[in-house]
Amino acid sequence: AKRHEQHNLCFFDPGIQDAVNSRMNLETDLRQAIQDNSFKLYYQPQVDHQGCIIGAEALIRWPHPTRGMVSPAEFIPAAEQIGLILPIGHWVLESACQQLVLWSKDSVLEKMTLAVNVSAVQFRKTDFVKQILAILDRTGANPKRLKLELTESMLLHDLEGIISKMATLKARGVLFSLDDFGTGYSSLSYLKRLPLDQLKIDQSFVRDLLTDPNDAAITSTIIALAHSLGLEVIAEGVETEAQHHFLTTQGCRAFQGYLFGKPGPVEQVLSRHIITQSH
Ligand code: C2E
Ligand code: CA
Ligand code: CA
Ligand code: CA
């Protein structure tokens with residue numbers, strides 16, 4: 001009986017009630033945002049060893065009337081739990097493909113790849129492959145410029161099913177990158193079975209590269225591993241020249257981070273880099 005009372009007490013804790021209320025508001029607001037089409041896609045440049053832009057990652061933004069710019073770290077997990085990630089993810093993919101079509105009309109930009117984050121909930125859907133192919137057909141985007149970012153945690157179950165989905169898309173030219181590499185439950189054995197194109201070194205390793213010898217060792221090992229498996233490797237969260245230099249000495253040739261540009265509206269990302277290329 002005592003335990004039961006405690007449980008009830010907890011439930012009526014005003015802090016929890018606040019959390020419940022704000023969650024319900026979040027859900028209502030998310031539904032409204034989907035209906036109003038009020039999300040925005042930001043783009044963060046990805047550069048090669050010479051600092052030339054080779055692509056971008058699409059990152060969703062939610063300009064909210066009262067909360068300001070809501071971070072995806074805040075609403076994506078909630079959207080996953082209540083199933084709203086499906087319409088949101090669809091909008092992201094469609095917008096990204098439309099952007100690729102715009103870039104394809106420019107002789108410099110046509111080579112850019114666009115990386116899109118895919119949620120586990122989205123990828124697990126049986127019609128995921130069909131959906132991507134339909135978007136590619138409808139927009140006319142070149143599949144070879146679309147790079148889907150998966151995370152390790154979504155590769156834990158039903159490896160055969162995952163490989164078959166990836167293989168179907170791969171046959172059309174779609175690229176795959178393994179995001180946040182090293183932070184999940186990596187199994188080195190699946191790396192050689194998955195039709196991946198790229199490993200993305202997580203920013204948590206890049207951050208303390210110069211002060212934490214373990215992070216430096218992990219980073220160097222990921223770069224060597226990627227190369228020996230014939231995969232590309234990109235480092236994310238590169239903020240300083242010193243990090244960039246270390247990564248370069250270890251053989252990394254692709255970079256993303258504030259050092260090269262913050263995520264922003266598409267014009268902002270391109271202006272800075274087109275200027276770089278023109279002289
Ligand atoms: P992520 O995929 O690991 O994306 C990288 C995050 O690091 C982004 O945060 C980016 O703005 C940030 N970042 C980039 N460069 C630097 C840097 O130099 N230093 C630091 N400290 N941070 C940097 P963002 O945009 O807030 O996104 C957070 C997460 O939300 C993403 O992590 C991704 O997991 C998720 N997300 C974003 N857009 C989408 C989307 O369209 N769909 C899905 N399913 N998830 C998304
Ligand atoms: Ca990502
Ligand atoms: Ca990441
Ligand atoms: Ca991350």
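## Notebook: ligand 1 and two calcium ions

I started with the calcium ion (ligand 2), whose donors follow the spacing E-x59-N-x31-E-x29-D along the chain. The model is a predicted one, and I read every distance below with that in mind.

**Entry 1, ligand 2.** I looked up the atoms behind that spacing. The protein donors of this calcium ion are Glu-57 through OE, Asn-117 through OD1, Glu-149 through OE and Asp-179 through OD. They lie 2.2 to 2.3 Å from the ion. I then placed two of them in the fold: Glu-57 is in strand β2 and Glu-149 is in strand β5 (residues 146-151), so this pair ties together parts that are 92 residues apart in sequence.

**Entry 2, ligand 3.** Which residue bridges the two calcium ions? I found that Asp-179 bridges ligand 2 and ligand 3, and that these ions lie 3.9 Å apart. For the calcium ion (ligand 3), I noted the protein donors as Asp-179 (OD), Asp-180 (OD) and Glu-236, with Glu-236 (OE) listed twice. The distances to this ion run from 2.3 to 2.5 Å. Along the chain, the donors of ligand 3 have the spacing D-D-x55-E. Asp-180 sits in strand β6, whereas Glu-236 is in the loop between β8 (232-235) and α11 (241-249); the two are 56 residues apart and link distant parts of the chain.

**Entry 3, polar contacts of ligand 1.** I went through the polar contacts of ligand 1 next. An oxygen atom of ligand 1 lies 2.8 Å from a side-chain N or O atom of Arg-61. A nitrogen atom of the ligand is 3.1 Å from a polar backbone atom of Ile-60. Glu-57, already noted as a donor to ligand 2, has a side-chain N or O atom 3.3 Å from an oxygen atom of ligand 1. On its own, ligand 1 has 800 Å² of accessible area, and the protein covers 81% of that.

**Entry 4, the shell around ligand 1.** Where does ligand 1 sit? I found it in the largest pocket. The elements that give two or more residues to its shell are β2 (53-64), α3 (72-81) and β6 (175-181). Of these, β2 gives the most, with 4 residues. There are 20 residues around ligand 1, and those that come nearest are Gln-44, Arg-61, Gln-203, Glu-239 and Tyr-258. I also sorted the shell by class and got 8 nonpolar, 6 polar and 6 charged residues.

Definitions and conventions:
Residues are numbered from 1 along each chain as its sequence is written. Chains are lettered from A and ligands numbered from 1 in the order in which they are written. This is a predicted model: local features need pLDDT of at least 70, side-chain atom pairs count only at pLDDT 80 or more; totals for chains, interfaces and linings use all residues. Side-chain values use heavy atoms; hydrogens and water are left out. A residue is near a molecule or strand if one of its heavy atoms lies within 4 Å of it. A polar contact is a pair of N or O atoms within 3.5 Å; within protein, one must be able to donate a hydrogen and the other to accept it, and residues adjacent in sequence count only if both atoms are side-chain atoms. Accessible areas come from the Shrake-Rupley method with a 1.4 Å probe; for residues, only the protein chains shown count as cover. On a 1 Å grid over the protein atoms alone, a cavity is a set of points where a 1.4 Å probe fits but cannot get out, and a pocket is an open set with protein on both sides within 12 Å along at least five of seven lines; lining residues have an atom within 4 Å of a point. A molecule sits in a cavity or pocket if more than half of its atoms lie within 2 Å of its grid points. Ala, Val, Leu, Ile, Met, Phe, Trp, Tyr, Cys and Pro count as nonpolar, Asp, Glu, Lys and Arg as charged, and the others, Gly among them, as polar. Donors are N, O and S atoms within 2.8 Å of the metal (3.2 Å for Na, K and Ca); water is not among the atoms, so sites may look incomplete.
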